[in-house]
Amino acid sequence: MKKKLLAVILCALAGLLIALPALAADTFTFSEKSVTMFEGETVSIDITRDGKYADGGEITYKSANPKIATVEADGTVTALLKGNTTITASLVSNGKTLRRTELAVKVWRAVTKVTLSEKKLTVYEPSDPEIVNLLRPIDEDREWERVIVVSVGKTAQLSAVCTPEDATSRKVKYESTDVGVAKVAETSLRGVEAGECDLIISSVQNPDVRQVYHVLVIQPVKKITIEMAEKSISSGSSAQLYAVCTPDNASIQAVTWSSRNPKIATVDDNGIVTGLQKGSATIDATAADGSGVRGSKTIQITQDVTDVEIKNRDQDHIVATGRTINLGVNVMPQSASVRTVNWYSSDESIATVRNGVITGRKAGYCEITVASTSNPDVTDTVLVQVIQMVTRVNVTNEKGMTIRKGESAQITWSVEPADASIKDVTFKSSAPKVLAVDANGIVTGLSRGAANVTVTAADGSRRETSYRVTVTQPVEGVSLDRGLYLVQTGRHTDIRAKVLPGNANNQNVDWEISDPYMASVRQTGASTCRVTGNYSGSTSLTATTQDGGYSASTEIMVGNFDGAILVESLSITDDNRIRLSLRNMSPYTIDRVYFHAACFDTMNQPMVYNRDGVTTGFDGSYPLALGPNAQSVHGQFNFGNFLETGRLGAVTITITGYRFENGQEWTIPEEYQLPSMPAYSRDIWTPTPTPIPTEVPPEYTQNGEVVNG
């Protein structure tokens, strides 16, 4: 009974447990919590409805970001743009939302292309002659277009990228279709054994996007040796290089050529090396199978001589018998590997040559040739003349030639021996400013002096002689300082003639006076004379140069010129003024008279009457013209240095000279100057002391000059 009751209870509990899920399943939710889509992809989403939400009501949909994905009324979602959004489904009944559910939507940007980088791979076109014979027959329906070559036991690094760059996932996957031939470990492709397979590079995100390469696993080159028939090549020439690959059964025997020194030598794809300039160049041959094996060879590039040129070849090359000249040579280019030369003479009886040094044997002509030792076809030749040298140069003119300035003369000469090959000479003046000499030996006097003319043999013998030429300066004129000389009757005047130019050699002149009765003349020097006045009147004096006969004349006027001015009256006024009157006693107009006034005090003792405080008197002048027999005008005298220092007792006037209206001045010699009769004041003999000079009274100062009279 108990067992039966227990069974009934257990059955009831089981039924209750079965009924509990049905009672709790009021469900309104998306079948999936999230969905991942590609841009442009469309999916229909399902909603699970149970319990009280199983029937009835209207379902509405909304996208949180319609730019990322949109949703239709029937629940169809369309992915538009890479990004994330949420789709919300609402159960609405009688305008009231009973339930909501959300679906996370991820929109991915799909990979559209996968590209493998070939930068570090050895890749060929299937038709490349280097590998075409190594491939099995090619299937026209093949998916691949390029062949990756990898050596047995070697690894190639793979690097692929997906397009576009902003694809949601850019991961790629590498697969080998035959891991027994080549296998892939992450990004490494390793050759296992010789054979062929395909390499598939695909997008992890979208495996349908992929790129396929064919893989050729080969027997690699182990060693490369470069061979060349020549030991070296010259600049500008070429030679063939050969690359020998080891082992002999290497799958690809081709190599790529390169030069480490392309400025020295270049090499083309066929192994032809071309020298560019002198130096060493290392040429590399690298296995084309991607094994990285490289062979090298260092090649010497030599520079051939392209030209030789004798220095100064355009000059005349002359050598004397028994003497030598040295011919230099330019070997071009400067970088030539062998720069030595050989010298040859066309006639060694005329001249021999050793290392460019030519020795004259006998008079005549021969050719001297220089040739490159490394390139004998490169030569240069000059003509050499062997001559008989001059042993002596003679000037045949009379000894001691003298010419005048401006004149020219010929120097004549001869050379010894008579059979000298070159008889020409050159001329040089030791004083070119004194004497000029041209190439023909014509000398021309330029200025007074003397010069040695050196006559030198032109054949290089250094034989020369010297010849003295004197150049004299001829007289070119004569002049006298004045057109008129005044001579005092009974006295003399010295006159000098100026011979032109001043450095003329002959300065002598002859003097002649037209009226010896009026005045006489006596020669006192080469160009000076002394004229003595005999009787009043005028005559002419002429100076004539002994060289050239040039002459100049002047007028000689004889008269009593010392007495031309007379002190006609002299007095001292009551107000202590000097009153003076002069008269012109000559027949000429005098435009200025000079005099000296001597002053005495009332005791008839010399009296200081000068601004210097020492002189007992002062100088004065009359500045107006005085015609013949004319008298001076009162009040027009100039008293220079005058200073009134006290009462004058007496004064005398001495005429010292005068000036004619033509500007000529006459100075009366001091020994012929005569003071006038003294003039006395009415206070003479009145004892008054001579006062000490004081400052100049303002009333006596005018324009810095004391005026009185």
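Here are three short exercises, with worked solutions, on a predicted model.

**Exercise 1. A loop residue**

Task: Decide whether Ser169 is buried or exposed, and find which residues it is in contact with beyond its neighbours within four places in sequence.

Solution: Start with the location: Ser169 sits in the loop that runs between strand 14 (160-163) and strand 15 (172-176). Next, take its relative accessible area, which is 18%. Buried means under 20%, so Ser169 is buried. Finally, set aside the neighbours within four places in sequence; Ser169 then has contacts with Val111 and Gln205.

**Exercise 2. A charged patch**

Task: Work out which residues gather with Arg190 in a patch of positive charge, and where Arg190 is placed.

Solution: On the surface, Arg190 shares the patch with Lys154, Lys183 and Lys222. Arg190 belongs to strand 17 (residues 188-191). Its relative accessibility is 38%, so Arg190 counts as partly exposed.

**Exercise 3. Salt bridges**

Task: Among the 20 salt bridges of the structure, trace what the partners of Arg659 and Asp683 are.

Solution: Begin with Arg659, whose partner is Asp591, with 3.2 Å between the closest N and O atoms. Arg659 is in strand 59 (residues 650-660) and Asp591 in strand 56 (residues 590-600), so this pair ties together parts 68 residues apart in sequence.

Now turn to Asp683: it bridges to Arg647, and the closest N and O atoms are 2.9 Å apart. Both partners lie in loops, so the pair ties together parts that are 36 residues apart in sequence. As a last step, follow the shared partners: Asp574, Arg647, Arg682 and Asp683 are joined into one network.

Definitions and conventions:
Residues numbered from 1 in each chain as written. Predicted model: local features only at pLDDT ≥ 70, side-chain atom pairs only at ≥ 80, totals over all residues. Heavy atoms only, no water. Patch = residues over 30% accessible without salt bridge, like charges linked within 9 Å, V, L, I, M, F, W, Y side chains within 5 Å. Areas by Shrake-Rupley, 256 points an atom, 1.4 Å probe, with all protein chains shown as cover. Salt bridge = Lys/Arg side-chain N within 4 Å of Asp/Glu carboxyl O. Lys, Arg positive; Asp, Glu negative; His and termini not counted. Charge placed at Lys NZ, Arg CZ, Asp CG, Glu CD. Helix = DSSP H or I, 4+ residues; strand = E, 2+ residues; numbered from the N terminus. Buried < 20%, exposed > 50% of the residue type's maximum accessible area, 1.4 Å probe, protein only. Contact = heavy atoms within 4.5 Å.
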